[in-house]
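Reader: I would like to see how the labels for this model are earned. Please set each value against its cut-off.

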Amino acid sequence: MITLGSLFDGIGGWLLAAERSGITPMWASEIDPFPQVVTSYHFPNVKQLGDITKLDGARIAPVDIVTMGS
């Protein structure tokens, strides 16, 4: 299983692309509340990490692919 994490996630475009490609999205980081709600609705199994400036990389599940939508 190939896994993905998404930084600056927005509304989950990378998550959607990953899922359609057979890749399992694991987590997403987004600061804006509205896109967080959209992503949570469409990807309820993806862990929402919130603000990237407050993340501790040692505490995030490792993934095979890290994307960003900045």
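Author: Start with helix H2. At its start, a side-chain oxygen of aspartate 32 reaches to within 3.3 Å of the backbone nitrogen of phenylalanine 34. This is a predicted model: local features need pLDDT of at least 70, side-chain atom pairs count only at pLDDT 80 or more, and totals for chains, interfaces and linings use all residues. Residues are numbered from 1 along each chain as its sequence is written, and side-chain values use heavy atoms, with hydrogens and water left out.

Reader: What makes a pair of atoms a polar contact?

Author: Two N or O atoms must lie within 3.5 Å; within protein, one must be able to donate a hydrogen and the other to accept it, and residues adjacent in sequence count only if both atoms are side-chain atoms. The side chains of aspartate 9 and threonine 39 are joined by such a contact, at 3.3 Å. The side chain of glutamine 36 reaches the backbone oxygen of glutamate 30 at 2.4 Å.

Reader: Why is aspartate 9 called buried?

Author: Its relative accessible area is 6%. Buried means under 20%, exposed over 50%, and partly exposed in between (1.4 Å probe, protein chains only). So aspartate 9 counts as buried. Aspartate 9 lies in the loop between S1 and H1. Helices (H or I, at least four residues) and strands (E, at least two) are DSSP runs, numbered from the N terminus.

Reader: What does aspartate 9 touch, leaving aside its neighbours within four places in sequence?

Author: Its contacts (heavy atoms within 4.5 Å) are Leu15, Ala28, Ser29, Glu30 and Thr39.

Reader: How do you know whether glutamine 36 is buried, partly exposed or exposed?

Author: Its relative accessible area is 22%, so glutamine 36 is partly exposed. Glutamine 36 sits in helix H2. Beyond four places in sequence, glutamine 36 is in contact with Glu30, Ile31, Gln48 and Gly50.

Reader: What puts Pro35, Val38 and Thr39 on the same side of H2?

Author: These three are buried residues of H2 (residues 33-42). They share a side because they cover an arc of only 95 degrees around the axis. That arc is taken over the directions from the helix axis to the C-beta atoms. Pro33, Val37 and Tyr41 are exposed on the other side. The buried residues of H2 pack against H1 and S3.

Reader: Which strands form the sheet, and in what order?

Author: The order is S3-S2-S1-S4, in an open sheet with parallel pairing. Strand S3 (47-48) and S4 are the edge strands, since each pairs on one side only. Two strands pair if DSSP finds at least two bridges between them. Strand S2 (residues 24-29) and S3 have two bridges, in the parallel sense. Glutamine 48 in S3 is the bridge partner of alanine 28.

Reader: Where does helix H1 pack, and at what angle to S1?

Author: Helix H1 (residues 13-20) packs on the sheet, touching strand S1 (3-7), S2 and S4. Its direction makes about 165 degrees with that of S1. Axes are lines fitted to C-alpha atoms, for helices over the stretch in contact; angles run from 0 to 180 degrees between N-to-C directions.

Reader: Why does threonine 67 count as buried?

Author: Its relative accessibility is 9%, so threonine 67 counts as buried. Threonine 67 belongs to strand S4 (residues 65-68). Its contacts beyond four places in sequence are Leu4, Gly5, Ser6, Leu7 and Trp14.
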